[in-house]
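Q: I'm new to this one and would like a close look at a single part of it. Please pick a good spot, walk me through it slowly, and then show me a few other places for context.

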Amino acid sequence: MTGRPTAQVMAELADLDDPKMRAVNEKHGDDHGVHLGKLRALAKRLKTQQDLARELWATDDTAARLLAILVSRPKAYGRDELDTMLREARAPKVHDWLVKYVVKKSPHAEELRLAWTEDPDPVVASAGWALTTERVAKKPDGLDLAGLLDTVEAEMKDAPDRLQWAMNHCLAQIGIEHPGHRARAVAIGERLEVLKDHPTPPNCTSPFAPAWIAEMVRRQEEKQAAKQGDRVTYG
C-alpha cells in the first residue's frame, strides 16, 4: 500500500473522522476526530514514506500530521526542519508524538534538547524538558541532576500548564531512577504541591510527584523481589 497520493490518504482520514471522537479530543485541545487505533492501523498499511510524511505535515491538519509522524523516517529530518515542525505543532498530541516518535530518534535530539529547554516559548521549552526526562531515565551520564532539581524547585510552581507538566515528569523521573536524589525530589514535590489534586482515574498512578515516585519505586522493588525469589527457587 505504498506510494498512495496524498489526496487519497486525506480522503481516507476524512472517512475515519468521528464527531463523537472529535468532541472527546477537543476537550484535550486536539482538533481531530480519528480514533488513534485506526490511525495507527492506517500507518501500518502505508509503512514508512518520507515524501508522503512531509506532504501530510504541510496540510496543517491535525490527523494528517499525526499520520505523518507515524510514517516518517526520523533520521531524514534536519535539525532546523525539526525545530520548525515543533513550533508549528500546537495541538498537544501532535507535539507529544513529534517529540516521542521523531525527535527522540533523531541525531539532533541532544542539540535540540539544549536549545528548546532554554526557549522563551513555554510549549517549546516543554519539549526540551521531555527530552531531558528521556535522558534522566536512559542516558543520565553528563546530566546535572542536582541542577535540574534546582530549576524545578525555582520555576515549576508558576510555569504554564504544559511546561509545568513536563517539569513535573522530570522531577518524578529523577526520584524514580536515582535513589541519591530521591528524598530531595519527594521533598520538592511535597512543598510545591503541583498536581496534588489532579483527578486520577481508579487504578491509575497520580501525577503528583511524591505519589508517582512512591508507586514506581514500590513496583521496582516488588519486581526485584520476585526475581530474587526465582533465583532462590531455581538457583
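A: First, a bit of vocabulary: a residue is buried if its relative accessible area is under 20%, exposed if over 50%, and partly exposed in between, using a 1.4 Å probe and counting protein chains only. What you're looking at is a predicted model, where local features need pLDDT of at least 70, side-chain atom pairs count only at pLDDT 80 or more, and totals for chains, interfaces and linings use all residues. Residues are numbered from 1 along each chain as its sequence is written, and side-chain values use heavy atoms, with hydrogens and water left out.

Let's get our bearings. The chain has 13 helices and zero strands; both kinds of element are DSSP runs numbered from the N terminus, helices being H or I with at least four residues and strands E with at least two. In sequence order you simply read α-α-α-α-α-α-α-α-α-α-α-α-α. Taken along the principal axes, the C-alpha atoms fill a box of roughly 55 × 50 × 35 Å. Of the 235 residues, 43% are buried. Among contacts (heavy atoms within 4.5 Å) with a sequence separation of 6 or more, 64% join residues 24 or more positions apart.

Now for the close look. Searching the whole structure turns up one aromatic pair. The partners are Trp97 and Tyr101, which meet edge-to-face, with 5.5 Å from centre to centre and 75° between the planes. For that label, rings of Phe, Tyr and Trp (its six-membered ring) must have centres within 6.5 Å; planes under 30 degrees apart are stacked, over 60 edge-to-face, and the rest tilted.

Why are these two separated by about one helical turn? Trp97 and Tyr101 are four residues apart in helix 7, which covers residues 92–102. As a rule, an α-helix has 3.6 residues a turn, so residues three or four places apart point the same way.

Both Trp97 and Tyr101 are buried, and they have company. Helix 7 is largely enclosed by the rest of the structure, because eight of its 11 residues are buried. Besides the aromatic pair, those buried residues are Pro92, Val94, His95, Leu98, Val99 and Val102. What do the buried residues of helix 7 pack against? Try tracing helix 3 (36–46), helix 4 (50–58), helix 5 (62–70), helix 6 (79–88), helix 9 (122–138) and helix 11 (161–177).

Helix 11 deserves a stop of its own. Cys170 is part of helix 11 and counts as buried, with 0% relative accessibility. Ignoring neighbours within four places in sequence, Cys170 touches Trp129, Thr132, Thr133, Val136 and Leu148. Its C-alpha is 11 Å from that of Ala127, a residue 43 places away along the chain. Asn168 also belongs to helix 11, and at 2% relative accessibility Asn168 is buried as well. Apart from neighbours within four places, the contacts of Asn168 are Met156, Val194, Leu195, Pro207, Ala209 and Trp212.

Follow that list to Leu195, and you land in the loop between helix 12 (179–192) and helix 13 (209–234). Leu195 is buried at 17% relative accessible area, and its phi is positive, near 65°. Most residues other than glycine have a negative phi. Asn203, in the loop between helix 12 and helix 13, has a positive phi too, about 70°. With a relative accessible area of 85%, Asn203 is exposed.

Finally, hop back to helix 3. His35 sits in the loop between helix 2 (19–26) and helix 3 and is partly exposed at 39%. Its side chain reaches the backbone nitrogen of Gly37 at 2.9 Å. The C-alpha atoms of His35 and Lys105 are 25 Å apart, with their positions 70 residues apart along the chain. Over in helix 1 (residues 6–16) you'll find Glu12, buried at 18%. The side chain of Glu12 makes a polar contact with that of Arg45 at 2.9 Å. A polar contact is a pair of N or O atoms within 3.5 Å; within protein, one must be able to donate a hydrogen and the other to accept it, and residues adjacent in sequence count only if both atoms are side-chain atoms.
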